[in-house]
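I open a fresh page for this chain and set down what I look up, entry by entry, in the order in which I turn to it.

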Amino acid sequence: MDWLIFILSVIEAIAWPVAFVAAVVFLRQEWVDVIGRVQSTKYKEIQIEFGHRLQEASKKAKSSLPDSVDLASKGLAHRLELAGYSPRGAILESWIDVEASLEELGARYEIPRDELKHPDIHMMELRLGEGNALGKGAFSLLQSLCEMRNEAFYLTNKVIESDAAKEYVSLANRMATLLKEA
């Protein structure tokens, strides 16, 4: 009888922790989706930003990309307008320009098209060599833009703000310009 009481007390002691760990393990994708939808949270004086990838990309862009230009003067005003009512569409459309510029770059440096369709940024950096015109910061920024485009395309339940889409449009345009000039 003492063994049964001991086993029962052990089961009672570990039941809730095991249930919690099981819930985290089995529902991990749902947790990632929920956290991905949160843009920011604030508790008393502490504020946490979850959607800061675009802000980090903007910081990288200052040193890696050409200066920002007026998108309306480049005929891209419709993208800014599109970002107002379809941020996801504006991001996807802007990435198409980056892909086209990547194809032109690939043609100049004789990089096969299949390597540019799903770009492995590190491999492209190695193929172009150390003396390329892009510079090191541009490759990490290109990777960030690619990841954000993938998030916009695949994570359809993630909310994208129109201001974030406008910033992405600007960064993608600047990246396309850099790729064309390289």
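**Entry 1, terms and overview.** Before reading any accessibility, I note the cut-offs: a residue is buried under 20% relative accessible area, exposed over 50%, and partly exposed in between. I also note that I am working with a predicted model. I looked up the secondary structure and found 9 helices and 2 strands in the chain, which run along the sequence in the pattern α-α-β-β-α-α-α-α-α-α-α. I then looked up burial for the whole chain, where buried residues make up 31% of the 182 residues.

**Entry 2, helix α1.** Which class does Trp 3 fall into, buried or exposed? I read 64% relative accessibility for Trp 3, and because the cut-off for exposed is over 50%, I enter Trp 3 as exposed. I looked up Phe 6 next and read a relative accessible area of 47%, so Phe 6 is entered as partly exposed. Trp 3 and Phe 6 both lie in helix α1, 3 residues apart, which is about one turn of the helix. I add a general reminder that an α-helix has 3.6 residues a turn, so residues three or four places apart point the same way.

I then followed the surface around these two side chains, and found that Trp 3 and Phe 6 belong to a nonpolar patch together with Ile 7, Val 10, Ile 11, Ile 14 and Val 18, with about 710 Å² of accessible area together. I checked one member, Ile 11, which is found in helix α1, residues 2-26, and which counts as partly exposed because its relative accessibility is 49%.

**Entry 3, aromatic rings.** How many aromatic pairs does the structure hold? I count 2 aromatic pairs. In one of them, Trp 3 and Phe 6 are edge-to-face, at 6.2 Å centre to centre and with 90 degrees between the planes. I also looked up Phe 153 and Tyr 154, whose ring centres are 4.8 Å apart and whose planes are at 90 degrees, so I enter this pair as edge-to-face. Phe 153 has a relative accessible area of 41% and is therefore partly exposed, whereas Tyr 154, at 57%, is exposed. While at Phe 153 I noted that Arg 149 lies over the face of its ring, at 4.9 Å from the ring centre.

**Entry 4, helix α5.** I checked the length of helix α5, residues 87-109, against expectation: at 1.5 Å a residue its 23 residues should span 33 Å, and because the end C-alpha atoms are 33 Å apart, I record agreement. I then looked up which of its residues are buried, and listed Pro 87, Ala 90, Ile 91, Ser 94, Trp 95, Val 98, Glu 99, Ser 101, Leu 102, Leu 105 and Gly 106. Just after α5 comes Glu 110, for which I read a positive phi, near 55 degrees.

**Entry 5, salt bridges.** Which residues are linked in a network of salt bridges? I find Arg 79, Glu 93 and Asp 97 linked in this way, and the count for the structure comes to 2 salt bridges. In one, the side chains of Glu 93 and Arg 79 meet at 2.9 Å, N to O; this pair links distant parts of the chain, with Glu 93 in helix α5 and Arg 79 in helix α4, residues 77-85, 14 residues apart. Arg 79 also forms a salt bridge with Asp 97, the closest N and O atoms being 2.6 Å apart, and here helix α4 is linked to helix α5 across 18 residues.

I looked up how covered the three side chains are. Arg 79 has a relative accessible area of 7% and is therefore buried, while Glu 93, at 26%, is partly exposed, and Asp 97, at 27% relative accessibility, counts as partly exposed.

**Entry 6, two C-alpha separations.** I looked up Arg 174 in helix α9, residues 162-181, and entered it as buried because its relative accessible area is 12%. The C-alpha atoms of Arg 174 and Val 98 are separated by 9.1 Å, with their positions 76 residues apart along the chain. Last, I looked up Asp 114 in helix α6, residues 113-117, which counts as exposed because its relative accessibility is 64%. The C-alpha atoms of Asp 114 and Glu 103, 11 residues apart along the chain, are separated by 9.6 Å.

How values were computed:
Residues numbered from 1 in each chain as written. Predicted model: local features only at pLDDT ≥ 70, side-chain atom pairs only at ≥ 80, totals over all residues. Heavy atoms only, no water. Expected span 1.5 Å × (residues − 1). Buried < 20%, exposed > 50% of the residue type's maximum accessible area, 1.4 Å probe, protein only. Patch = residues over 30% accessible without salt bridge, like charges linked within 9 Å, V, L, I, M, F, W, Y side chains within 5 Å. Areas by Shrake-Rupley, 256 points an atom, 1.4 Å probe, with all protein chains shown as cover. Salt bridge = Lys/Arg side-chain N within 4 Å of Asp/Glu carboxyl O. Phe/Tyr/Trp six-rings, centres within 6.5 Å; stacked < 30°, edge-to-face > 60°. Lys NZ or Arg CZ within 6 Å of the ring centre and 35° of its normal.
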